[in-house]
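Welcome! Let us take a short walk through this structure, starting at one pair of facing residues and ending at a pocket.

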Amino acid sequence: MGRVIRTAALLMIVSGMSGAGTAVPAEAQEAEVSLEGVVDLHFHTGPDSRPRSVDDIEASRLAAEAGLRAVLLKNHFTMTADRAALAMGQVDGLEIFGGLVLNRSVGGINPEAVRQMATFSGGRGKVVWLPTFDAEHAVTRGGGDAPFVSVLEDGEPVPAVLEVFELLAEHDLTLAMGHSSPGEVLRLLPEARRLGVPRILVTHVFGQDATREQMRQMADEGAIMEIDWLAVYSGGLTIEDYVAAIRDLGAEAFFMSSDLGQEGNPVHPDGLRDYIRAMLEAGITEAEIDIMARQNPARLLGLDPW
C-alpha cells in the first residue's frame, strides 16, 4: 500500500506549497493525524514489574486499529521476543517484534541470553539493548551506589560486549545503546561497525545528555538517534529542543517513538498523534515526519522502508 496524505490541510505541505519551517495552518492543528505506516520502537506494555496501562495484546490491537505498521515491545527486565510471537497470533494487520535488555535481571552482558533469544521460535526477536536502568551511567550520574553493569573497563569494551556484537551480526539483530553515556556510545560504535552489527540506534539520545557535537559524531558513525514523546509529554524537554537538532543534523539522523505505556499516561496511538501534531505545529514537515516515524524505524527493524 502506498503512502497516504493524512489530511487535506497537510496535502499542501507535502505537495510543495510550503517548505520546511513553515507553520502548519490553524485548521490542521486540530485535524486528525493518521498513523498509517508508523513504526514505534519504544512500546512499553504489561505484564511488567512496573505499572503499565495496557498489556501486550490490548496495546497491539490499539496500534493495529490506528494503522501502525509495526511495534517493538520493550521490557527492562525480561525478554519480549516470545511475547511478540504470541501477540502476533492474536492481532492482525501489525508486525510485532520483541527484544532483550541486558540489565542485571538477565545476567547483564549475557551473550547466551542473546543467543537463545535469536533462536526462539516465531523469529520475533529483533533488538538487543545495552543496559538501561542498570547501566553504569544511569546509576552513577546522580551519585547512586547501586550495583551496575559496565560496558567499558579502562576505556575498552568488556569482552562480553564484543561477543554480543558478534552475535548481533550473525543473527541480523539491531543494537540499541540503552542508557549508556554519550562517551560510551562513541567508544562502542566503531567496535560494533567493525564486528558487522547491521543496524544501531541510540536510545533517547537527549535523555543521556549528549551534546550536539556528540550527536553529530553518532550520526557520522551511522547510528540513528531516538527522540521520544514521553520526554516532552512529561516536561523534561520541549518540542523546540528536538526541532533545533533536526534542523542542524537533518531528519535522517533521528527516529520518533512514543516511549509510552506507563500507568496514567496516554496510550501509544494517542501519544503518537499528539507528537506528530506538535512537530507539525513547530514547523517540521510531513516529509520529515515520514522519515522519522516511518522510514528510519522500519530500517532499524530490517523492514523495507516503503
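Leu 201 stands opposite Ile 224, which belongs to strand 9. This is a predicted model, in which local features need pLDDT of at least 70 and side-chain atom pairs pLDDT 80 or more, while totals for chains, interfaces and linings use all residues. Residues are numbered from 1 along each chain as its sequence is written, and side-chain values use heavy atoms, without hydrogens and water.

Strand 8 and strand 9 pair in the parallel sense over two bridges; pairing requires at least two bridges found by DSSP. Strands are DSSP runs of E with at least two residues, and helices are runs of H or I with at least four, numbered from the N terminus.

Here are some of the strands to look for:

| Strand | Residues |
|---|---|
| Strand 1 | 39-44 |
| Strand 8 | 199-202 |
| Strand 9 | 224-228 |
| Strand 10 | 254-257 |

The open sheet has eight strands in the order 1-2-3-4-7-8-9-10, with parallel pairing. Strand 1 and strand 10 stand at the edges with a single partner strand each, so one side of each has no neighbour in the sheet.

Now for the largest pocket (on a 1 Å grid over the protein atoms alone, an open set of points where a 1.4 Å probe fits, with protein on both sides within 12 Å along at least five of seven lines; lining residues have an atom within 4 Å of a point). The pocket is lined by 20 residues, with His 42, His 204, Leu 230, Asp 259 and Gln 262 nearest its centre. Strand 9 gives the largest share of this lining, three residues.
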